[in-house]
Amino acid sequence: MWKMIWISVLGASYGLLSAAGVFTALAAVGLVPRFAGRTRTVAYGLKYESMVVLGAVTGCIFSVFDRYCQIGAWGRRQFPGMEEAVVAAGILGQICYGFFAGCFVGCLALAIAEMLDSIPILGRRIGFRQGIGIAVFSMACGKLAGALFYFVFGLERTCL
């Protein structure tokens, strides 16, 4: 019993610590104010930040309690005989989520790279004057190849 309580306290502490690190990184790169400034909606800055926190909490709930958050199974129970429509809605939802999550991750990566100016510094240190664009494109292709390998061979299922 005490072992389970100790593990729960440690797990919650580690989760809070990692969440604090993520939000600190977001605050350090100034991603939300940059979005608000770029879209000329600075007046809604607090709402943007609230939505980021709400999205993080929702993502945590969906990933930790995935057994109880199966929206597709709920939809099939609520709408019997409409399995194709439920599947199509699920696919559309995944496409929308993937698009917006990809935009967010891409903007975060660009904001971090811009903040650190890591690529030009690396280029100067190693004497790399030409071809930086090719190097960045090659890194992106490597990331894409790794992601495709991960999902094509079903490695995401081995983590469960």
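1. A polar contact is a pair of N or O atoms within 3.5 Å, where within protein one atom must be able to donate a hydrogen and the other to accept it. In this predicted model, the side chains of T41 and Y48 meet that description, with a polar contact of 2.6 Å.

2. T41 deserves a closer reading. The residue is placed in the loop between α2 (31-38) and α3. Besides its link to Y48, the side chain of T41 is joined to the side chain of T39 by a polar contact of 2.8 Å. When neighbours within four places in sequence are left aside, the residues in contact with T41 are A36 and Y48. Y48 therefore appears both in this contact list and as a polar partner of the T41 side chain, since contact means heavy atoms within 4.5 Å.

3. The next point concerns the surface. V53, V57, I61, F62, V64, F65, Y68, I71, W74, F79 and M82 together make a nonpolar surface patch of about 1,100 Å². Two elements, α3 (45-64) and α4 (71-78), give two or more residues to this patch. The most is given by α3, which supplies 5 residues.

4. I61 may serve as an example from the patch. This residue lies in helix α3. Its relative accessible area is 40%, so I61 is partly exposed; a patch residue must have over 30% relative accessible area.

5. On aromatic pairing, a search of the whole structure finds 3 pairs. One of them is formed by F149 and F153, whose ring centres are 4.8 Å apart; because their planes stand at 55°, the pair is tilted. The cut-off for edge-to-face is over 60 degrees. As to accessibility, F149 has a relative accessible area of 47% and is therefore partly exposed, whereas F153, at 58%, counts as exposed.

6. Y150 and F151 form a further aromatic pair, and here the arrangement is edge-to-face, with 5.0 Å from centre to centre and 85° between the planes. The relative accessibility of Y150 is 30%, so this residue counts as partly exposed. F151 has a relative accessibility of 51% and therefore counts as exposed; the cut-off for that class is over 50%.

7. In summary, three matters may be checked against the coordinates: the side-chain polar contacts of T41 with T39 and with Y48; the nonpolar patch, to which α3 gives the most; and the aromatic pairs, including tilted F149 and F153 and edge-to-face Y150 and F151.

How values were computed
Residues numbered from 1 in each chain as written. Predicted model: local features only at pLDDT ≥ 70, side-chain atom pairs only at ≥ 80, totals over all residues. Heavy atoms only, no water. Patch = residues over 30% accessible without salt bridge, like charges linked within 9 Å, V, L, I, M, F, W, Y side chains within 5 Å. Areas by Shrake-Rupley, 256 points an atom, 1.4 Å probe, with all protein chains shown as cover. Salt bridge = Lys/Arg side-chain N within 4 Å of Asp/Glu carboxyl O. Helix = DSSP H or I, 4+ residues; strand = E, 2+ residues; numbered from the N terminus. Buried < 20%, exposed > 50% of the residue type's maximum accessible area, 1.4 Å probe, protein only. Phe/Tyr/Trp six-rings, centres within 6.5 Å; stacked < 30°, edge-to-face > 60°.
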